[in-house]
Amino acid sequence: MTIWVPELAGIGPRYRELANAIAQAVRQGELAPGAKLPTQRRLAEVLGVTVGTVTRAYSEAERGGWVSARVGSGTYVRGVDEGPAFSHVSAARDDNGWVDLSLALPPADVERDAALSRALSAVQADPVAMAEALDYQPESGLDWHREIYAEWMGRLGLPMAADELVIDQGGMNGIFIALSTLARPGGRIAAERLCYPGVISVAGQLGLRMVALDHDDDGLVVETLAARHDQQPFNVLYVMPEHQNPTTARLAEDRRTALVDFARERDVWLVEDGVQHLPVEQRGTPLHQLAPERTIFLFSVSKILSGGLRSGVMRVPSAVRERVATVVRNVSWMPPPLIASIVGRWITSGDADRQLARQFAELEARRNMVQETLAEFSPRTRPGGFYAWLSLPPGQRASQVVARLAESRIRVNSAEAFCVGSEAAPQAIRLCFSAARDRATLAHALMQVRDVLAAPAPSPWQTI
């Protein structure tokens, strides 16, 4: 049987040379749409390279949109009618057969590379933007960058003025700046008993003590806040009202009003994390609209455009804007103007809106897969969200489920990673269905998860 074998010149990394050869063969018609590439092991033998080299080359070719991998079948040249698809990720997401569902990463989009190229070209063609990229700029970012962000956020249903915004370097950077501004070492900040691990990490680095707050299916239990504040006074409360991480809960509308009343009565600052952006119909009234004088709102492009573009904005009340600017200056002097210019061009071209629309459509398809495959386990998901929260069947232990899935090369998170302080972790897992390289990979992983959850729990007893 004759297989396709490229001629490699031995210049540069072998995997990249092979990936380029695949792209050239597709462009020249040597590899026709729908053609199946040789197995990785077979091509490695013929070329005299490692299987890992071929695996990486195939991943690079898939990243470029030239081929697509089908679980259990092989790698095929993409057809001209397949159109843009969410079908590739970096090797780190799916290495050596592992399916990593532990990270809340946006679905990969084959149009992303082209959008970045267009944004880079637009910046390069703008001599003013190029000059600004080489010079020191204000701590809050350039005015025109903030104006673009403000206009875009208005279209996304988050109206705010440009002069309220401070450009940062993404969600984690925003959390660090907000907590550094509002809290002092040794002070207390509050968050839900299960919350985003990044907040726990930043609090530890800043020497802050965390107060664990009750929450349920409707989000933060506001009725218990006053009593908790009496026991352990805190002056900052971190919350994700639209898509709580990890439980996916949305804060009920009446609780938002009650939370604002509590914050004003006890003089507590609110840090509202909106990095996980949802469709407007899935969101409630933003806290920064209910209490603009005491709420810092965080927004990032990491979950929409690219994790590598470290850019976002903070909506900051005027009372602490100078303090925020001081923290930015101390940490990084300013947000990188080159990155902000690239993001700005991505937005003004319309590519950002188109990418977000594709992402929402892909996430909905994947969410439906989760709901159908794992229906008997009642997974909690939200339209536009990246992950599912699964409370385990009676007798199942999260640590054992995570270990058994790892035996099948599937990574998920147990609730333990999200626990504030020494709080007891529920028997539950978070599964990020957005992170799988494509729907076929996700389908395979979900069936593995279903089988593990349906299997009898192993006995903890051992004979002596």
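Phe 299 stands opposite Val 313, a residue of strand β12. That is a good place to start looking around in this predicted model, since the strands beside β12 can be followed one at a time.

**Strand β12 and its partners**

Strand β11, made of residues 295–300, runs antiparallel to β12, and 4 bridges join the two. Strand β4, residues 165–168, also pairs with β12 in the antiparallel sense, over 4 bridges. Within that second pairing, look for Val 166, which stands opposite Met 314 of β12.

Now turn to β12 itself, residues 312–315. Are its faces covered or open? Both are covered: Gly 312 and Met 314 lie on one side, Val 313 and Arg 315 lie on the other, and all of these residues are buried. So two names from the pairings come back here: Val 313 and Met 314 are buried, on opposite sides of the strand.

**Two cysteines without a disulfide**

How many disulfides does the structure hold? The number is 0. Cys 195 is in no disulfide, and the nearest cysteine sulfur to its own, that of Cys 419, is 9.3 Å away. Looking from the other end, Cys 419 is in no disulfide either, with the sulfur of Cys 195 as its nearest cysteine sulfur at 9.3 Å. A disulfide needs the two sulfur atoms within 2.5 Å, which is why this pair does not count as one.

The table shows how accessible each cysteine is.

| Residue | Relative accessibility | Class |
|---|---|---|
| Cys 195 | 1% | buried |
| Cys 419 | 8% | buried |

Both values are under 20%, so Cys 195 and Cys 419 count as buried.

Terms used. Residues numbered from 1 in each chain as written. Predicted model: local features only at pLDDT ≥ 70, side-chain atom pairs only at ≥ 80, totals over all residues. Heavy atoms only, no water. Buried < 20%, exposed > 50% of the residue type's maximum accessible area, 1.4 Å probe, protein only. Pairing = 2+ DSSP bridges.
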